[in-house]
Amino acid sequence: MPLDSNNEIYVDNAATTSMSKDVLESMLPYFSRNYGNPSSLYSLAQVSRDAVEVSRETIANILNCKPSEIVFNSGGTESDNLAIIGVSKALEPTGKHLITSKVEHHAVIHAMEEMESLGFKVTYLNVDKDGFVDLDQLEQCLTSETTLISIMYANNETGAIQPIKEISQIIKKKSIDLNRDIYFHTDAVQAAGKLSLNVEELGVDLMTISGHKFYGPKGTGILYMRKGVPMSPIILGGGQERQRRSGTENVPGIVGLAKALQLADSSKENFNSHCNKLINNIREKLSGFKYNNTIVTPEKNSLSNILNVCFENFEGEPILIGLDMAGICASSGSACSSASLEPSHVLIAQGIDPKLAVGSIRISLSLENTEKDIEYLVENLERVVSELSVYAKN
Ligand SMILES: Cc1ncc(COP(=O)(O)O)c(C=O)c1O
């Protein structure tokens with residue numbers, strides 16, 4: 001249940017979600033009565049310390065890892081930075097080659113660019129027209145200099161799900177052939193609450209999760225780090241989180257994050273079947289649209305709740321403004337780059353014509369969306385595009 005429901009139709013859940021009432025309630029005592037610093041010695045602090053450790057265990061059970069392999073931090077961006085900058089710096093003496101894909105979130109791409117500026121070599125893997133990484137290219141570019149690969153679990157703009165298990169097997173085999181440790185990080189920010197986060201089954205060494213994408217609090221995140229993965233911390237100070245991430249723990253945030261992940265992970269089948277139905281409904285309705293549109297989200301191997309559609313000869317922004325005037329919150333590609341008119345790097349990497357890519361709209365659903373919402377959304381989408389067609393470029 002969301003905390004408050006205004007009258008808007010919110011279909012931008014890949015940008016952020018409303019926080020659930022249960023999550024808020026779990027956090028409240030740690031803002032007030034239980035305010036102790038987990039690092040202090042007295043019993044008031046013990047309550048906070050226990051809350052952090054119970055949350056760590058809850059999360060470890062979902063990820064099928066040890067509690068000590070969980071690092072709490074401020075969100076997806078910090079986790080991605082810590083995985084890439086922290087691990088590649090620690091491994092610098094053994095090699096300076098990193099691999100990622102062209103469709104990653106900017107939290108990964110910009111961290112990789114930072115490493116390039118420090119003299120590392122980064123290979124950006126190509127993707128096919130549906131956004132899936134080129135596995136042959138991955139196999140070929142792994143060398144005796146490669147230390148870390150970062151490939152996202154599910155794409156935030158299109159919902160495409162990468163074959164993480166297959167990628168991990170390729171890396172493991174090559175690791176054996178080359179007789180060296182090569183570590184694998186995945187950004188699972190959009191996958192949490194929709195797909196399995198079992199790190200053993202996935203075969204990943206590092207995994208990023210962000211609390212606010214599944215009804216949890218903003219500014220909370222997790223980096224799963226397999227025991228033994230070398231790490232040079234990027235935030236230095238009091239040595240919290242076993243020296244991996246300094247700073248007084250955000251106790252209410254950690255408690256809320258664990259509660260939200262527990263709720264989202266245990267209800268993911270229900271979430272997926274609900275959203276799948278609604279997304280299929282939108283797909284069907286779009287095929288009957290008067291205006292040419294291209295659905296970018298692949299039909300298979302994509303998240304249940306994301307649909308990215310491009311309108312030919314239109315720009316996404318005016319469509320979003322028109323939708324906003326009708327009380328609908330949607331997005332064009334990545335929320336973080338919605339202030340820019342540049343076509344999305346993800347769609348360009350998939351080979352989509354930039355003129356088509358600028359007309360991209362991302363719809364991302366949640367359990368709160370209803371059939372009625374979808375009807376209203378599609379009706380208004382068609383109306384707004386029709387009104388804008390007067391000004392459309394030919
Ligand atoms: C795939 C992906 N990675 C990382 C992030 C950044 O997460 P945060 O907002 O918690 O910093 C996002 C946010 O949109 C995302 O979608």
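Biologist: Helix 9 has some buried residues; what do they pack against?

Modeller: In this predicted model, the buried residues of helix 9 pack against strand 10 (306–311), strand 12 (360–364) and helix 13 (371–388).

Biologist: Which residues of helix 9 are buried?

Modeller: Cys-275, Leu-278, Ile-279 and Ile-282 are the buried ones. They sit on the same side of helix 9, because the arc they cover around the axis is only 100 degrees.

Biologist: And what is exposed on the other side of helix 9?

Modeller: There you find Glu-269, Asn-270, Ser-273, Glu-284 and Ser-287, which are exposed.

Biologist: How do I read the length of helix 9?

Modeller: Take 1.5 Å a residue: the 20 residues of helix 9 (residues 268–287) should then span 28 Å. The end C-alpha atoms are 28 Å apart, so the model agrees with the expectation.

Biologist: Let's try that on helix 4. What does its span look like?

Modeller: Helix 4 (residues 106–117) has 12 residues, and from its first C-alpha to its last it reaches 16 Å. That is close to the 16 Å expected at 1.5 Å a residue.

Biologist: Which residues of helix 4 are buried, and what covers them?

Modeller: The buried set is Ala-107, Val-108, Ile-109, Ala-111, Met-112 and Met-115. Their cover includes helix 3, along with strand 3 (97–101), strand 4 (121–125), strand 5 (146–150) and strand 6 (183–187). Just for the backbone, look past the helix too: Gly-119 follows helix 4 and has a positive phi, near 95 degrees.

Biologist: What is the usual sign of phi?

Modeller: Most residues other than glycine have a negative phi. In this chain, Glu-241 is not a glycine, yet its phi is positive, about 55 degrees. Gln-243 is another such case, with a positive phi near 70 degrees.

Biologist: Where do Glu-241 and Gln-243 sit?

Modeller: Glu-241 is in the loop between strand 8 and helix 8, and Gln-243 is found in the loop between strand 8 and helix 8 as well.

Biologist: Are they buried or exposed?

Modeller: Count the C-beta neighbours inside 10 Å. Glu-241 has 21 of them, so it counts as buried. Gln-243 has 11, so it counts as exposed.

Biologist: Arg-226 is in that part of the chain too. What does it touch?

Modeller: Leaving out residues up to four places away in sequence, Arg-226 touches Glu-69 and Asp-205. Arg-226 is found in the loop between strand 8 (221–225) and helix 8 (251–266). It is partly exposed, with 16 other C-beta atoms within 10 Å.

Biologist: How should I read a pair that is distant in sequence, such as Arg-226 and Ile-70?

Modeller: Put the sequence separation beside the distance in space. Arg-226 and Ile-70 are 156 residues apart along the chain, and their C-alpha atoms are separated by 8.5 Å. Now take Pro-318 and Asp-22: they are 296 residues apart in sequence and 37 Å apart in space, C-alpha to C-alpha. Pro-318 itself lies in helix 10 (residues 316–325) and counts as partly exposed, with 16 C-beta neighbours inside 10 Å.

Biologist: What share of the contacts in the whole chain is long-range in that sense?

Modeller: Among contacts with a separation of 6 or more, 72% are accounted for by residues 24 or more positions apart.

Biologist: How do I judge the overall fold, starting with the radius of gyration?

Modeller: Ask what a compact globule would give. With 394 residues, the value would be near 21 Å; the protein chain has 21 Å, so it agrees. Along its principal axes, the C-alpha trace spans about 65 × 55 × 35 Å. The chain has 13 helices and 12 strands, and 48% of its 394 residues count as buried.

Biologist: Last feature, the ligand. Which residues come nearest?

Modeller: Of the 14 residues around the ligand, the nearest are Gly-75, Gly-76, Thr-77, Asn-156 and Ser-210. Sorting the shell by class gives 4 nonpolar, 8 polar and 2 charged residues.

Biologist: Which element gives the largest share of that shell?

Modeller: Helix 3 (residues 76–90) does, with 3 residues. You met helix 3 before, as part of what covers the buried residues of helix 4.

Terms used: Residues are numbered from 1 along each chain as its sequence is written. This is a predicted model: local features need pLDDT of at least 70, side-chain atom pairs count only at pLDDT 80 or more; totals for chains, interfaces and linings use all residues. A residue is near a molecule or strand if its C-beta atom, placed from the backbone, lies within 6 Å of it. Helices (H or I, at least four residues) and strands (E, at least two) are DSSP runs, numbered from the N terminus. Ala, Val, Leu, Ile, Met, Phe, Trp, Tyr, Cys and Pro count as nonpolar, Asp, Glu, Lys and Arg as charged, and the others, Gly among them, as polar. The expected span of a helix is 1.5 Å times one less than its number of residues. A residue is buried if 20 or more other C-beta atoms lie within 10 Å of its own, exposed if 12 or fewer, and partly exposed in between; C-beta atoms are placed from the backbone. The arc is that of the directions from the helix axis to the C-beta atoms. Two residues are in contact if their C-beta atoms, placed from the backbone, lie within 7 Å. The radius of gyration is taken over C-alpha atoms; the globule rule is 2.2 Å times the number of residues to the power 0.38.
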